[in-house]
Amino acid sequence: MKRSLASFLVVFIFLISSAVQALAAEGTNERIQGADRFEVAVNISNKGWPNGSDTVLLVNYNAYADALSATPLAYNLKAPILLTHSANLTDATKAELQRLHPQNVIIVGGEGSVTSNVLNAVTALGIPNVKRISGSDRYEVAYQVAKEMPPSDKVVVAYGLNFPDALSIAPYAARNGYPILLTNSSNMPAKTQEALAIRNAKESIVVGGEASVSPAVFNQLPSPMRIGGADRYEVAANIIKTLNLNTSTAFIATGLTFADALTGSVLAAGMDAPVLLTAPKSLPNATKSIIAEKGITNFMFLGGLGSVSQNIVSQIVGSLAGLKIVVDAGHGGDDPGASGYGLDEKEVVLDVAKRVQLKLEAAGATIVMTRESDTYPTLEDRVNLANDQKADSFVSIHANSSLSPAASGSETYWNSKYFGNESKALAQSIQTELYKQMDTKDRGVKEADFYVIKNTNMPSVLVELAFISNASDAAKLGDPNYREQAAEAIYQGFVNYYSKR
Ligand code: ZN
């Protein structure tokens, strides 16, 4: 995939700072990380403003209220946003201020957010113009920020008591020069009304559902259009859909804290990229869907692994991203399967199945297990699960047995009833890896009428790892290293199969 971008990426690696990590050799996926949110902001600034900046915005790292409206002004002034503690600058922020060498620093927020101690510390760095935009509350801060911006016909209105909606629309608002004004859910603050009047706004974009911005507030706005959603993730996705935003690149930030999305939003605006949100460990459905729908392939991940885990990255850019695979460990419960040399088939295949699960998930696939412990789902249960889940493919894992102790080797079965060609290709792909990794006899790929592969209506295969009735094979089936090899073979078989389609 996207091999043509490899040379671009090589150049890129030399250009960007070490904090910007190239994640995959096959795409322009980067992560801007840092030890904490201060450093993430610094590294964003470093990437977006390599030659310094005339102006810098400084906001409290922990109190989003005053910072929500900052992005459009920052973009307008071509300024990065850096973070500060309430009463002192961090070393990282101080060093970045010195590197950027600005003439102007604008502190957004009142004394409650950023104390005069910080203002004095910035002045002490030799920066000539240090000013503050403040107000008695977040609504007034947003109003004051809007007053600094050039005229515009439209304004964005977002819920002021939480951050995700305002930040998701921030790059769009910034690029178009629309200020972000804030509101309560049930009534519009006086300063917001005043801002609408002063700016003589003709149209407004409301971000968030009716619980965030009530119809009562909505109806007071000039020609309002609402972009809502069931949760923050869906709102962010709907912003892309409704406004038909450019998605050549998308930023991915945690939806649980504001800092990475805020400081990244100015860079996102500069790259004409939207910001999508994720939970730290699981990729929300709304985010997953919009990525698939828009075919987004280039990503900028904001923050460290605690904010956007490697698992999330895999789910988005892994070689099996977006696929749902059913892994079926054969037998179980009262049905031990075949036995030999102190081994029960049901135990061997469950262990291998769990190893397969981990490997496939790490490559971005969503895995459905037919069983995860010593239970016995019927063959019908297993098939129904796969069909109900609308899985993309199915693998059933077994160990073989024969009355002849000499019989040995690995084999993989398919059935022609549904997706015959695909099933056969998947079987071949897995079999090719399996006998090599297991160092077993290659018994090849065969068609058979096994219930679970005949009735699953997707590409499906049944793997016989090796013979539990053969001394040499059974020794491997009992060995954790060979079980891992077997899992690796099945995993690699899927990767190779899907890479050819
Ligand atoms: Zn079996």
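**Salt bridges, a zinc site and two domains in a predicted model**

The count comes to 18 salt bridges, a salt bridge being a side-chain nitrogen of Lys or Arg within 4 Å of a carboxyl oxygen of Asp or Glu. The structure is a predicted model, in which local features need pLDDT of at least 70 and side-chain atom pairs count only at pLDDT 80 or more, while totals for chains, interfaces and linings use all residues. Residues are numbered from 1 along each chain as its sequence is written, and side-chain values use heavy atoms, with hydrogens and water left out.

One of these pairs joins Asp272 to Arg175, with an N to O distance of 3.3 Å. Asp272 sits in the loop between helix 11 (259–270) and strand 12 (275–278), and Arg175 in helix 7 (residues 164–176), so the salt bridge ties together parts 97 residues apart in sequence. Helices (H or I, at least four residues) and strands (E, at least two) are DSSP runs, numbered from the N terminus. Asp272 is partly exposed at 28% relative accessibility, and Arg175 is also partly exposed, at 37% relative accessible area. Here buried means under 20% relative accessible area, exposed over 50%, and partly exposed in between (1.4 Å probe, protein chains only).

Helix 14 and helix 19 offer a further set of charged pairs. The side chains of Arg483 and Glu347 form a salt bridge at 3.1 Å, N to O. This pair links distant parts of the chain, with Arg483 in helix 19 (residues 480–499) and Glu347 in helix 14, 136 residues apart. Arg483 is buried, with a relative accessible area of 9%, whereas Glu347 is partly exposed at 39%. Arg355 and Glu484 meet in another salt bridge, at 2.9 Å from N to O. Arg355 belongs to helix 14 and Glu484 to helix 19, so parts 129 residues apart in sequence are tied together. Glu484 is partly exposed, with a relative accessible area of 31%. These residues take part in a network of salt bridges that links Glu347, Asp351, Arg355, Lys359, Arg483, Glu484 and Glu488.

Helix 14 also contributes to the zinc site. The protein donors of the zinc ion are His331 (NE2), Glu345 (OE) and His398 (ND1), at 2.0 to 2.2 Å from the ion. Their spacing in sequence is H-x13-E-x52-H. His331 lies in the loop between strand 14 and strand 15 (339–340) and Glu345 in helix 14 (residues 345–362), 14 residues apart, a pair that links distant parts of the chain. His331 and Glu345 are both buried. Donors are N, O and S atoms within 2.8 Å of the metal (3.2 Å for Na, K and Ca); water is not among the atoms, so sites may look incomplete.

Strand 14 (residues 324–329) has five of its six residues buried, so this strand is largely enclosed by the rest of the structure. Strand 14 runs parallel to strand 17 (residues 366–369), joined by four bridges, and Lys324 has Thr366 as its bridge partner there. Five bridges join strand 14 to strand 18 (residues 393–400), again in parallel, and Ile325 is partnered by Ser393. Two strands pair if DSSP finds at least two bridges between them.

The chain is divided into domain 1 (27–317) and domain 2 (324–499), with bounds from an automatic or database domain assignment. Their C-alpha centres lie 48 Å apart. Four residues from domain 1 and five residues from domain 2 make the contact, defined by heavy atoms within 4.5 Å. The two domains bury about 260 Å² between them, 33% of it on carbon and sulfur atoms; buried area is the accessible area (1.4 Å probe) that two parts lose on being put together, summed over both. Between domain 1 and domain 2 there are zero salt bridges.
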